[in-house]
Amino acid sequence: MEREIVIPGQLLSENKADSGPGTYVKDGKVYSLLYGVKNAKKKISVIPFSGKYIPSARDYVIGTVIEVTPSNWIFNIGSPYDGLLHVSEYPRRVEQVMMAEYMGIGTPVLLRVKDVSSSMKVELTMRERGLRALSAGRVIEITPTKVPRIIGHGGSMVSMLKKETNCEIFVGQNGRIWIKGKDSEMDLLTEAIELIIKHSHTSGLTDRISLFLKGDEEHVSEKDETVLEEDLTEDTKDSEDESEIREDTYRKVDALLEDDD
């Protein structure tokens, strides 16, 4: 199927009701906000080739505390917009004078985006199962547009990574991934994630990663590395309906959080 590549400011629709993620409305018309692939299923959206993470309500993210105010923790969430966690959104009651004791500057935290206003005020929450401050493990950063590749269709890739490395894993929609396990297992998982990113534009990626995790590196190097430009990669295929990818991510991370408890 032919896919249209669009640039910022390009007219996409005369009907403002068609506006979806990656677009904006001006004078009743819909324009592209990003450089990427136009997706015309349901509402019109643009799947970016690269770029910073743009928050959406219900996204899972990993943030780092950059400031503590009398009523909010302010987080860097890998976006042009900081995230705010009000003290009332912490899992239990915290006195304002003790906020920095619970989560000080530099603390990495598993969070969910509660709401994003029209002015891009990003409200966060920790009042859901499994969301918490992190005191162990590692945080890996990848390009946010590669998150669907780490998740895999139906959660297949992240399930394989977790099973084969015996590591806990939390994939944030903002391109930050938390892993926890033995040092050797985390080293293997980190290499596997780097391999996924490096070869995300090639065919047979799941088989490639499976072979790598089983130590069959000779066959990994012999795999066909032809770039599938016409198909814009398997992850772009999966992202044709962005809402479906997000729902798949939400369900998988929900399951991962339940497993951690």
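**Calling things by their names**

Student: Why does E128 count as partly exposed?

Tutor: This is a predicted model, and in it E128 has a relative accessibility of 33%. Buried means under 20% and exposed over 50%. The value 33% falls in between, so E128 is partly exposed.

Student: What makes E128 and R112 a salt bridge?

Tutor: Set the distance against the cut-off. Their side chains meet at 3.0 Å, N to O. The limit is 4 Å. The pair therefore qualifies.

Student: Where in the chain do E128 and R112 lie?

Tutor: E128 sits in the loop between β11 and β12 (138-141). R112 is in strand β10. The two are 16 residues apart, and the pair links distant parts of the chain.

Student: How do you know whether R112 is buried or exposed?

Tutor: R112 has a relative accessible area of 7%. That is under 20%, so R112 is buried.

Student: How many salt bridges does the structure hold?

Tutor: There are 8. One of them joins K38 to E4.

Student: What makes K38 and E4 count as a salt bridge?

Tutor: Their closest N and O atoms are 3.9 Å apart. With a cut-off of 4 Å, the pair therefore passes. K38 is in strand β5, E4 in the segment before β1, 34 residues away along the chain.

Student: Why are K38 and E4 put in the class they are in?

Tutor: K38 is at 22% relative accessibility. E4 is at 38%. Each value lies between 20% and 50%, so K38 and E4 are partly exposed.

Student: What about E95 and R93, whose side chains meet at 3.6 Å, N to O: which classes do they fall in?

Tutor: R93 has a relative accessible area of 71%, over 50%, so R93 is exposed. E95 stands at 45%, so E95 is partly exposed.

Student: How do you know that β1 and β5 pair?

Tutor: Strand β1 (residues 5-6) is joined to β5 by 2 bridges. Pairing takes at least two, so β1 and β5 pair. They run antiparallel. One bridge couples V6 with G36 in β5. On β6, the bridge partner of G36 is P48.

Student: Why are β1 and β6 called edge strands?

Tutor: The open sheet has 3 strands, in the order β1-β5-β6. β1 and β6 each pair on one side only. β5 and β6 (residues 45-48) share 4 antiparallel bridges.

Student: What makes I5, I7 and Y35 a surface patch?

Tutor: These nonpolar residues have about 300 Å² of accessible area together. Take Y35, in the loop between β4 (29-32) and β5 (36-39). Its relative accessibility is 47%. A patch residue needs over 30%, so Y35 meets that requirement.

Student: How do you know whether M99 is buried or exposed?

Tutor: M99 is at 0% relative accessibility, under the 20% limit, so M99 is buried. M99 lies in helix α1 (residues 99-102). Its contacts farther along the chain include V68, P70, W73 and V87.

Student: Which residues touch the most other members of the largest nonpolar core?

Tutor: That core has 25 residues, and W73, F75, L85, M103, L111, L124 and M126 touch the most other members. β7 (60-68), β8 (72-76), β10 (108-116) and β11 (122-125) each supply at least two core residues. A second, separate core of 24 residues includes L161, L205, I209 and F212.

Notes
Residues are numbered from 1 along each chain as its sequence is written. This is a predicted model: local features need pLDDT of at least 70, side-chain atom pairs count only at pLDDT 80 or more; totals for chains, interfaces and linings use all residues. Side-chain values use heavy atoms; hydrogens and water are left out. A nonpolar core is a set of buried Ala, Val, Leu, Ile, Met, Phe, Trp, Tyr and Cys residues joined through side-chain atoms within 4.5 Å. Buried means under 20% relative accessible area, exposed over 50%, partly exposed in between (1.4 Å probe, protein chains only). Patches are made of residues with over 30% relative accessible area and no salt bridge: like charges are joined within 9 Å, nonpolar side chains (Val, Leu, Ile, Met, Phe, Trp, Tyr) within 5 Å. Accessible areas come from the Shrake-Rupley method with a 1.4 Å probe; for residues, only the protein chains shown count as cover. Contact means heavy atoms within 4.5 Å. Lists of a residue's contacts leave out its neighbours within four places in sequence.
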